[in-house]
Amino acid sequence: MSEHDRRQPEESSDATSESRGENRFDCSSADFDALYGVHAGPLIQQAVLLTGRARLARRAVERAFQTAWQRWPEVRADPDPVGWVRAAAYEYALAPWRRLFPGLRPAERPRPGTPAPPPAAPRDHALLTAVLALPVPYRRTLLLHDGVGLGLHETAAEVEASTPAATGRLTHAREFLAEQLPELGLKGLPPDRQGAVLHARLGALAASRPAVPPPAHDVRAGAERRARLTTRTGFGATGLLAVVALAVSLGTPDGYRPPPRRPAMAASYAPAAPSVPSIPSAPAAADRAAAPSAAPSAVRPTHRPAHHRKAGRTGRPGKSRHRSLPPGARLRPDVR
């Protein structure tokens, strides 16, 4: 077999794999575009009912679909891809920091290519105001069950709550709407009938606010730009940390130098204890008493204790000063 014959099967296999990869990419983008084209507009309308802000609803749905494209194999394998995207959009729109400082939010003006929404009817405006007055967990449960039409188990799973908790939130939300909007006629109706009435009214309210989502290829391009930006940001932060570590290492002196030791201080002088002379015998003491001037240096010690010297120098006024006696001397009584 010639070399050309050996290379030809390899080249054909490479071409086949490339064509399969291109077909797989085209199928993925086609599936994504189909999902986006069918559900992007209704999701924006639902997000408007959830937040009351058209610009935030549009941005939340667009960001959710961008995240879905970045994780498209996972989303495509999910049993409910629409639920995956809806949950991501709701989480983005209901983030706690987006509810801070409502007075500083920019005005909700339509974009240049987006037509202005028609003025809402008074009853629709009253219904939207009452829905937005509900707490966020109650509002989300009401919208999923009575607006979208999910069951109690699916609603509880999407809001990450138990079925009894989701049922309680739905019941309290319906009671609140019945009190705020008596014209709905919810009081006295069974729960199934209440759900049907709210489903019709919420659907009509969402349809009264048309939404024009951006093209699907723009969303995919935005997702790819976000992925590149995230990668560059990660590499930039890693490089910055490396530069800081290098600067710190260069600014540190080479090696370890222990701190200089202070010279040991000389021991403080302590006076030696006075030596106690041995007691002489009785004849030697008598000889010294008989001839005191014979050897005065041998009788008196060469060292006097400090307390004796101090006591001899300082005395109280009016007191007689006594001279210190040599050791071994005996006191004699005064003979008169």
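In this predicted model, R76 has a relative accessibility of 44% and therefore counts as partly exposed. The side chain of R76 takes part in a salt bridge with D31, in which the closest N and O atoms lie 2.7 Å apart. This pair joins distant parts of the chain, since D31 belongs to helix α1 and R76 to helix α3 (residues 72-77), with their positions 45 residues apart in sequence. D31, at a relative accessible area of 31%, is likewise assigned to the partly exposed class, because its value falls between the 20% limit for buried residues and the 50% limit for exposed ones.

The search of the whole structure returned six salt bridges, and two further examples are described here. R174 is paired with D146, the closest N and O atoms again being separated by a short distance given as 2.9 Å. Helix α8 carries R174 and helix α6 carries D146, so that this pair, too, connects distant parts of the chain, 28 residues apart. Both partners fall under the 20% limit and are therefore buried, R174 with a relative accessible area of 8% and D146 with one of 1%. The side chains of R86 and E158 also meet in a salt bridge, at 2.9 Å from N to O; R86 lies in helix α4 (residues 81-93) and E158 in helix α7 (residues 152-158), 72 residues apart, and both are buried.

The largest nonpolar core comprises 26 residues, of which L49, L127, L142, L177, L184, L186 and L198 touch the most other members. At least two residues of this core are supplied by each of α1 (3-51), α5 (122-132), α6 (136-148), α8 (163-180) and α9 (191-207), and the largest share, five residues, comes from α9. When residues up to four places away in sequence are disregarded, L142 touches L134, G147, L170, A173, R174, L177, L198 and L202, a list that includes the arginine of the pair with D146.

Apart from this core lies another, of 23 residues, including F32, A64, V219 and A223. R220, in helix α10 (residues 216-251), is in contact with S29, F32, D33 and W69 once neighbours within four places in sequence are left aside; its relative accessible area is 16%, and R220 is therefore classed as buried. W69 is one of the buried residues of α2, which also include L56, A57, A64 and F65. For the 17 residues of helix α2 (residues 54-70), a span of 24 Å is expected at 1.5 Å a residue, and the end C-alpha atoms are 25 Å apart, which agrees with that expectation.

Notes
Residues numbered from 1 in each chain as written. Predicted model: local features only at pLDDT ≥ 70, side-chain atom pairs only at ≥ 80, totals over all residues. Heavy atoms only, no water. Core = buried A, V, L, I, M, F, W, Y, C linked by side-chain atoms within 4.5 Å. Buried < 20%, exposed > 50% of the residue type's maximum accessible area, 1.4 Å probe, protein only. Helix = DSSP H or I, 4+ residues; strand = E, 2+ residues; numbered from the N terminus. Contact = heavy atoms within 4.5 Å. Expected span 1.5 Å × (residues − 1). Salt bridge = Lys/Arg side-chain N within 4 Å of Asp/Glu carboxyl O.
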